[in-house]
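This report describes selected local features of a predicted model. It turns from individual loop residues to a helix and its end, then to the contact between chains and a helix pair.

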Amino acid sequence: MSEAVVVNPALRLWSGYLRLVARHPVIGSVVPFLPLIALWAIVVEAGVFPRAFFPGPTDVYHSFVDLTRKGVLPAYLADSIVRLAVGAAAGMVAGILLGLLVGLNELAHRALWPVLLFFQAIGDIAWLPLLIIWFGFGLQTMTFVIVYTVLFPVVLNTVLGVRSIPLDLHRAALSLGAPRWRILTEVVLPGALPNIITGLRNGLGYGWRALIAAEMIVGTSGIGFMMFDARRAGSVVEILLGMIILGLLWYAVDALILAPIERATGQRWGMVTR
Amino acid sequence: MNELVQVEAKPSMAMKRLRSALSFVFPLLCLVFLWEFTVRAFSVHPGVFPGVGAVLKAGAESIANGSLFLHIGASFARVITGTVLAVLVAVPLGILMGVSPGVSILLTPLFRFFSVLAGIAWIPIATLWFGYGFGAITFVIFNAVFFVVAYNTLLGVSSIPPQLRNAAWSLGATRWNMLWEVLLPGALPNIVTGVRTGLGFAWRGLIAAEMIATNLGLGYMLFLARDFYRTELIVFGMIVIGILWLLIDRLVLAPLERRTIERWGLVR
């Protein structure tokens, strides 16, 4: 970065860009997409692939405006987000409680750890056929899948977190006369929090994908359903639109929810490894 | 307490392995008993949840007529093809991107975006571009692994301390040495972690894609059984999927990750 001072306009532009990025990180994650979109538009305009097969950015934008005006897109988006939020919240609460139990109790750990690993390995999506038989094509099936997906990463990471707390801390708290309740709230939970957050991040990542898969296979609404429905109709535009929305949405979840929590817990409890 | 036990009788390596395997299997066996007991005690309808016997029978049947191995073979062929191709392309690309800080600043957001999309989100467009079958599914797996591995390689290369690179340069390393002895080993722990994460996504993507887009493979086996309400075959398939992934993850990926991290020791 600290090369000799060259008065080269391109270099100057570049260093200006770097300074801008350092000041506003948002710009750094937006600007790189511009050449990509331009390249995409050029390839489409040049007609390398048939347009129905590979539509351009303007087509996708038009379909975005169109679907938004019809109200389809906002409704589907809301459906997906509500499903994910409800499922993730339920999975997280259950996961943390179960994780505390398994992490703190040796017997529970011996009995449940292999079972947890096994059920995590089965994977959410493999449950779909059975769930469809049980609940039919509906909301229950999707909720189950998301809760299941979020649950396991949270449990496994909570257990790791709880068990990685040095025994000395327990003993110190005990010898200072802390009752069990306060050890839980003031030693165990804060100590395991960074791991719990990692689990939440993984769980949301997997849950998000599971939701899309579930919506494709059993769905009657949602972004995944929109994409798969578009596939049936052969409308590549709407598929691309769906993919872009999925990506953007994850960016939003990451930037607005996960990153702040991670920063807060990392700074507050200072146990983040980097 | 632990020390005492070790002094009294030092169990051999094999005994230790056996004991840890047993303590892993025992709870699962208990679960199987609980399952059978519940099914009998409440006389659960086999269409809702089958008993152990029915599942074993369905399993034996699918082994006897060879369909199980056909499905597993198809699934594995897709996973291996997609993964190997993805790693072969992603690692060189990741290193190329990581070497220059400018390129990595520009490309990191792009790769993050696409690694978020990895896997399942590509199924609709993959089936449209490649039709139902081997091409589409391998493409989905390729995608799931490619972006995650490339992104992790990039992170790995850019996390190599510049002092190491400068030291190698000043000792007269050629570009080739640099690649083999600094960049690749330095990024290896990240690459392996990337492969493990990517395969995790790819495996789920595989099952989902097979449910939608093919006529062979484990996911298809489950979904076909659903069409005939054969819950015992579904449960058997789920168990097979669970065991296969546990084997892949615990016997191949986890040891690989551990060993690379130990060997190249960038871990603190």
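## Loop residues of chain B

In chain B, B:Ser43 is found in the loop that joins helix H2 (13-41) to helix H3 (52-64). Although B:Ser43 is not a glycine, its phi is positive, at about 35°. B:Ser43 counts as exposed because it has 8 C-beta neighbours inside 10 Å, and a residue with 12 or fewer falls in that class.

A second loop of chain B, between helix H10 (218-227) and helix H11 (231-264), holds B:Tyr229. B:Tyr229 is likewise a residue other than glycine with a positive phi, in this case near 55°. Its 12 C-beta neighbours inside 10 Å are the reason why B:Tyr229 counts as exposed, the limit for that class being 12 or fewer.

## Helix H7 of chain A

Helix H7 of chain A covers residues 128-135, and its buried residues are A:Leu128, A:Pro129, A:Leu130 and A:Leu131. After H7(A) comes A:Gly136, which has a positive phi near 75°.

## The contact between chains A and B

Chain A contributes 41 residues to the contact and chain B contributes 43 residues. On the side of chain A that touches chain B, at least two residues each are supplied by helix H1 (9-23), helix H2 (25-30), helix H3 (33-45), helix H6 (106-122), H7, helix H10 (180-218), helix H11 (223-233) and helix H12 (236-269) of chain A. H6(A) gives the most to this side, namely nine residues.

By residue class, the side of chain A that touches chain B consists of 33 nonpolar, five polar and three charged residues.

## Packing of helices H5 and H11 in chain A

H11(A), one of the helices that supply residues to the side touching chain B, also packs against helix H5 (residues 72-104) of chain A. The axes of H5(A) and H11(A) lie 7 Å apart, at an angle of about 130°. The two helices are therefore oblique to each other, since this class takes in angles that are neither under 35 degrees, nor over 145, nor from 65 to 115.

Which residues make this contact? From H5(A) they are A:Tyr76, A:Leu77 and A:Ser80, and from H11(A) they are A:Ile223, A:Phe225 and A:Met226. Five of the residues in the contact of H5(A) with H11(A) are nonpolar and one is polar, with no charged residue.

Conventions: Residues numbered from 1 in each chain as written. Chains lettered and ligands numbered in written order. Predicted model: local features only at pLDDT ≥ 70, side-chain atom pairs only at ≥ 80, totals over all residues. Helix = DSSP H or I, 4+ residues; strand = E, 2+ residues; numbered from the N terminus. Buried ≥ 20, exposed ≤ 12 C-beta atoms within 10 Å, placed from the backbone. Contact = placed C-beta atoms within 7 Å. Nonpolar A, V, L, I, M, F, W, Y, C, P; charged D, E, K, R; others polar. Axes fitted to C-alpha atoms, helices over the stretch in contact; angles between N-to-C directions.
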